[in-house]
Amino acid sequence: MSTSPADPHLPAVHLRPPRNWINDPNGLVFHDGHYHVFFQYNPHGPQHANMHWGHYRSPDLLTWEPLPVALAPTPGGYDADGCFSGNAISTGDRMVAFYSAHRNDRWWQPVTTAESHDNGHTWAKRPDLLIPEPPAGTTMYRDPYVWRQNERWRMLVGSALDDGRAAALLYESEDLEHWTYRGPFRTSDTAAGADPIGWECPQYATFGDRNALILSDWTPQGGPSHTTVVTGREKKEGCFEADTAPVPLDHGPDFYAPALLKAPGEDRWLMWGWAWEARDDAWAHEAGWAGVLTLPREVSLTADGTVAQRPARELLALRGPRVLHGTGHATRTDPAELGQIGHTFDLTAALTPDTTGTSGLRLITSADGSEYLDIILDPTAGRLVVDRTHASTDARARGGVYAAPCPAAAHPNTPVELRVIVDRSIAEVYLANEQVLTLRFYPSTDGPWQLQARTTGSQRSEFTVAAWNLTAHDTPQEAQLAGRGAQGA
């Protein structure tokens, strides 16, 4: 069983323990000088079971300290089969975690809480459920998100309705203890013949008089699907009205259930997401781990209502000396060899594509060139394409071609700016318009990696590329099971 950091696919700078299962980020909160990141965690194996809340904290988003597991199922209690997703807040000298109490003998997951008065080292669960029953007419109910707005506390809960629509349900409270149900904050459209859908992990970010609502789509047939975002306003009390159509929050295949945190003392939103595995379950079981959190992203809202993302500014401190720099051009018959690069790196590029074909970068991960990841600009379609079809010769790894809109690629003689962060088995590709595409890939060899600039057109593609290998400030250790998390339910 490969459970050590020597595993060539185990990310080095992305947050996760060195073994076992993780999924949704939970309870992002800043308290007493530290960022706290919780996450769904199975301390006993690399599969979705025995859901606890794992816990790390950091003073700077760079150096992460493992803390004892915050929440663990209480045998026979209201969360006996899992402490599922939610969020956390800081108020006074305490942190309060809101979470979904799971039992296999009921379809809904009631909302409940646990509190910490010692900066997250120990947690005490409330004796009774906070919101024990879902409203009438719901068929799914889970994943609370609590925030402070206009001198009151508000909560969204992810839901599905019995008419097939998804919903984010709104509650309000003056004291965090007594909650009043206000009704659906937002529902999906009703479409004839559409399959039922539910929304998981609703998240809400305020940007002055315009706001963003993030929703993770879940279906009874396929389970977790993808994450969308709409922007708009609360034009009527308790009802969110969208100004934009729902669009993907991330254009890659391996991103789900993000969580938001308002950075302290500044008008900045941070976000982490869950990047699931893109390989057979048996391979993940053999490796002894599954799932990783994305790097923290800064989330903002542009003038036209587009949600923009970029890597958190603190991550620049992970860069070591620059290992690669090149300016020049590539032709169809003469790819440009840019040099050798590590397996964990941060890259910036300005690419002026050849409008007669596709142009981009190829990350070659095998000595014979048979394994590679392509990052391509397609001027005809006006899009960015990431192709992992040849990223692994191991048949257990998923392939596929994925795209994000990039209208600038269609403009002749116009450079397109990219930032690409690769960490062993995860790639986060950012466009200058701050669209993102996240995916996982699994090179089968552990030798040196090479970078090329390429084009398929009849002319030439111009490029300027720079890259830095990244070094973690501290390697995360296994989340501790001291005390086995909060008890008492």
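This note goes through a predicted model point by point, from its confidence to its strands, cores and charged pairs.

1. Confidence. The model is predicted, and its average pLDDT is 95, with 96% of the residues scoring at least 70. Residues 1-5 are a weak stretch: pLDDT stays under 50 there. For these residues the model has 16 contacts beyond four places in sequence. Where pLDDT is low, predicted coordinates should not be read in detail.

2. The five-stranded sheet. One open sheet is built of 5 strands in the order 4-3-2-1-20, and its pairing is mixed. Its edges are strand 4 (65-66) and strand 20 (289-290), each of which pairs on one side only. Strand 4 is joined to strand 3 (residues 52-58) by 2 bridges in the antiparallel sense. Tyr 56 has Pro 66, in strand 4, as its bridge partner.

3. Strands 9 and 10. Strand 9 (residues 138-149) is mostly covered, with 10 of its 12 residues buried. Strand 9 runs antiparallel to strand 10 (residues 152-161), and 10 bridges join the two. Opposite Arg 148 stands Trp 153 of strand 10. The hairpin formed by these strands has 2 residues between them, and Asn 150 takes a positive phi near 55°.

4. A salt bridge at this hairpin. Arg 148 also forms a salt bridge with Glu 151, side chain to side chain, at 3.8 Å from N to O. How exposed are Arg 148 and Glu 151? Arg 148 has a relative accessible area of 41%, so it counts as partly exposed. Glu 151 has 63% and is therefore exposed, the cut-off being over 50%.

5. Nonpolar cores. The largest nonpolar core has 36 residues, and those touching the most other members are Leu 338, Leu 347, Leu 363, Phe 441 and Val 465. Beyond four places in sequence, the contacts of Leu 347 include Leu 361, Leu 418, Val 420, Leu 451 and Val 465. Arg 419 is also among the residues that Leu 347 touches. A second core, separate from this one, has 26 residues, among them Tyr 204, Phe 207, Leu 249 and Met 271. As background, nonpolar side chains tend to be buried together in soluble globular proteins.

6. Arg 454. This residue lies in strand 34 (residues 449-455). Its relative accessible area is 28%, so Arg 454 is partly exposed. Leaving aside residues up to four places away, Arg 454 touches Ala 330, Pro 335, Thr 358, Ser 359, Gly 360 and Arg 362. The side chain of Arg 454 also makes a polar contact of 2.6 Å with the side chain of Gln 452. For scale, Arg 454 and Thr 74 are 380 residues apart in sequence, and their C-alpha atoms are 56 Å apart in space.

7. Arg 268. Is Arg 268 buried or exposed? Arg 268 counts as buried because its relative accessibility is 5%, which is under the 20% cut-off. Arg 268 is found in the loop between strand 18 (256-262) and strand 19 (269-275). Beyond its neighbours within four places in sequence, Arg 268 is in contact with residues including Tyr 35, Leu 261, Lys 262, Glu 298 and Glu 314.

8. Salt bridges across the model. How many salt bridges are there? The count comes to 36. One of the pairs is Asp 267 with Lys 262, whose side chains meet at 3.8 Å, N to O. Asp 267 is exposed, at a relative accessible area of 66%, while Lys 262 is partly exposed at 34%. Apart from this pair, Arg 152, Arg 154, Glu 172, Arg 182, Glu 234 and Glu 237 are joined into one network by salt bridges that share partners.

9. A pair between distant parts of the chain. The side chains of Asp 243 and Arg 210 meet in a salt bridge of 4.0 Å, N to O. This pair links distant parts of the chain, 33 residues apart: Asp 243 is in the loop between strand 16 (239-242) and strand 17 (247-248), and Arg 210 is in strand 14 (residues 210-219). Asp 243 has 32% relative accessibility and counts as partly exposed, whereas Arg 210, at 16%, counts as buried. In general, side chains of opposite charge can pair when their charged atoms come close.

Methods: Residues numbered from 1 in each chain as written. Predicted model: local features only at pLDDT ≥ 70, side-chain atom pairs only at ≥ 80, totals over all residues. Heavy atoms only, no water. Pairing = 2+ DSSP bridges. Helix = DSSP H or I, 4+ residues; strand = E, 2+ residues; numbered from the N terminus. Core = buried A, V, L, I, M, F, W, Y, C linked by side-chain atoms within 4.5 Å. Buried < 20%, exposed > 50% of the residue type's maximum accessible area, 1.4 Å probe, protein only. Contact = heavy atoms within 4.5 Å. Polar contact = N/O pair within 3.5 Å; in protein donor to acceptor, adjacent residues only side chain to side chain. pLDDT = per-residue confidence, 0-100.
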